[in-house]
Amino acid sequence: MPSRNDTRTVGFLTSGDSETPTPTEEQPVESSFGLLQRLQKLGKSMFLNTQTEADEQHVTPGEEPKSHLVSQAPDGVCKPQNHIVFLKTHKTASSTMVNILYRYGDARNLTFGLPLQRNSQFYYPGWFSSSYVQGFVSKAVKEFHIICNHMRFNKPELEKVMPNDTFYFSIMRHPVTMLESAFTYYKSIHAFHASNSLEDFLDSGLRNENPSVASSSYAHNNMAFDFGFNNNVSHISADLEERVAAAVAAIERDFDLILITEYFDESVVMLKHMLCWSLDDVVSFKLNSRSESHRPLPHIEDKIALWNTLDWRLYAHFNTTFWQRVNSVVGGEEMVREVERLRRLRERLQEECLQGGLVNPGDVKDRKMKPYQNGAAPIQGYNVKPDLEGQTKIECEQLITPELQYSNKLYTKQFGN
């Protein structure tokens, strides 16, 4: 695995990055989706036109679990990475990523760093502490392999738990769709509950913001907060540029990879290469998704870009550099081929495992598979085919098991009842 200090491979190639215009009161920002489209065209043009193809790496495991659902067998010489920290950001498709990590570690009997006493989070929104990991203080666990539950990032405390060769990664989502999702999901929190609409909140946010309320982080620069930064910054903050630069530098220093929600399939293919895993390891079904979502109107998008300006600047930077990483690690043509293979594999698993597609919670037949419900929009789930048996049934159920249920299952597996 490349060293995190090697800026050629994991420094996100910061030289030559496109500068994102700084929003000001005098100079309104370009529509955030318009700017995003320009960034994506630039990044994907670099990605698709590259003539360099990285050699595909596959896992050569010692004792890999045998899947009853997939047939392709990894070959090659690289060694899979089993020491992993995933910073699970909010409303970014991170629950689907956690399912990938849970299934990978569960199949190999790896040990997860789980929150104390079956909690689902590491006492968020507080800073992560090594003392919050079940079995760490008591030394009941000798080696932890994967940590991926919600936390506020705190690298020194994580390093107390995880080995030096740990791979750190996270995921970012466009701040416009992210805040729209958060407003619906967290509608009951102090920051949102008095607002009739997202626009109402944005018009009153600066006047009514109360950073002393713990849940306020969900409403303002939540990605930056999850990464451990002070989220109380606006587009008119005098030190905005300094804080953006410091945040970008810290993330590049502390993380090996930042994925992009809007390109989830490309992201997991990239992760596959970085971890030396197989496509079988990163295939997934979408979890914790709402029954409906609405893209805000352009003038609301602009208000979000101003309100969550720190998140917006971070996303713009790492969305651009993601495609540079694709070029250098995978190669454009190879990425296209592997994404297509991943999607065919997902379709085949859907046909073999699922009775229909996503359904509303009331239509989930197995209560153990019903997702946790919160907010105004129903969180959807799946039904597996009723005639499945044996290992095939187990693997199909693992693909659709909601995060809270899977985390609880792993806790029981590691620590008993």
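The following conversation walks through helices, disulfides and charged residues in a predicted model.

Student: Let's begin with helix α12. How far apart are its end C-alpha atoms, and what span should its 21 residues give?

Tutor: Helix α12 covers residues 309-329. At 1.5 Å a residue, its 21 residues should span 30 Å. The end C-alpha atoms agree with that, as they are 30 Å apart.

Student: How many residues of α12 are buried?

Tutor: Buried means under 20% relative accessible area. By that cut-off α12 is mostly covered, and of its 21 residues the number buried is 20.

Student: Which residue with a positive phi follows α12?

Tutor: Look just past the helix for a phi near 100°. The residue with that positive phi is Gly-331.

Student: Now to Arg-173. Where is its place in the chain?

Tutor: Two elements frame Arg-173: strand β3 (167-172) and helix α5 (175-185). Its place is in the loop between β3 and α5.

Student: Which side chain of opposite charge is nearest to Arg-173, and how far away is it?

Tutor: Arg-173 is buried, yet it has no salt bridge. A salt bridge needs a nitrogen and a carboxyl oxygen within 4 Å. The nearest side chain of opposite charge is Glu-262, at 4.5 Å.

Student: Which backbone oxygen lies 2.8 Å from a polar atom of the Arg-173 side chain?

Tutor: Arg-173 has polar partners to consider. Its side chain is joined to that of Thr-177 by a polar contact of 3.1 Å. Among the residues that Arg-173 touches are Thr-92, Met-223 and Tyr-315. The backbone oxygen at 2.8 Å is that of Lys-91.

Student: Let's turn to the cysteines. What is the count of disulfides?

Tutor: A disulfide is a covalent bond between the sulfur atoms of two cysteines. Counted along the chain, the bonded cysteines follow the pattern 1-2, 3-4. The count comes to 2.

Student: Is the disulfide of Cys-78 and Cys-276 right-handed or left-handed?

Tutor: The sulfur atoms of Cys-78 and Cys-276 are 1.5 Å apart. The torsion about their S-S bond is about 80°, so this disulfide is right-handed.

Student: How many residues apart are Cys-78 and Cys-276, the distant parts of the chain that this pair links?

Tutor: Cys-78 is in the loop between α2 (32-49) and β1 (84-87). Cys-276 is in the loop between α9 (264-275) and α10 (279-282). Along the chain, the two are 198 residues apart.

Student: Is Cys-78 buried or exposed?

Tutor: The cut-off for buried is under 20% relative accessible area. Cys-78 has a relative accessible area of 15%, so it is buried.

Student: Which helices hold Cys-353 and Cys-396?

Tutor: Cys-353 and Cys-396 form a disulfide with sulfur atoms 2.1 Å apart. Its torsion is about -70°, so it is left-handed. The pair ties together parts 43 residues apart in sequence, because Cys-353 lies in helix α13 and Cys-396 in helix α14.

Student: On to the charged pairs. Which residue meets Asp-106 in a salt bridge at 3.0 Å?

Tutor: Asp-106 is part of a network of salt bridges with Lys-409 and Lys-413. The side chain that meets Asp-106 at 3.0 Å, N to O, is that of Lys-409.

Student: How many residues apart in sequence are the parts that Asp-106 and Lys-409 tie together?

Tutor: Asp-106 is buried at 9% relative accessible area, while Lys-409 counts as partly exposed at 38%. Asp-106 lies in helix α3 and Lys-409 in helix α15, so the parts tied together are apart by 303 residues.

Student: Which residue of helix α8 pairs with Arg-313 of α12?

Tutor: Arg-313 counts as buried at 7% relative accessibility. Its salt bridge runs 3.0 Å, N to O. The partner lies in helix α8, so parts 72 residues apart in sequence are tied together by Arg-313 and Glu-241.

Student: Why might residues four places apart in a helix point the same way, and which helix holds Arg-344 and Glu-340?

Tutor: An α-helix has 3.6 residues a turn, so residues three or four places apart point the same way. Arg-344 and Glu-340 meet in a salt bridge of 3.6 Å, N to O. These residues are 4 apart, about one turn, and both lie in helix α13.

How values were computed
Residues are numbered from 1 along each chain as its sequence is written. This is a predicted model: local features need pLDDT of at least 70, side-chain atom pairs count only at pLDDT 80 or more; totals for chains, interfaces and linings use all residues. Side-chain values use heavy atoms; hydrogens and water are left out. The expected span of a helix is 1.5 Å times one less than its number of residues. Buried means under 20% relative accessible area, exposed over 50%, partly exposed in between (1.4 Å probe, protein chains only). Lys and Arg count as positive and Asp and Glu as negative; His and the chain ends are not counted. A polar contact is a pair of N or O atoms within 3.5 Å; within protein, one must be able to donate a hydrogen and the other to accept it, and residues adjacent in sequence count only if both atoms are side-chain atoms. Contact means heavy atoms within 4.5 Å. A disulfide is a pair of cysteine sulfur atoms within 2.5 Å.
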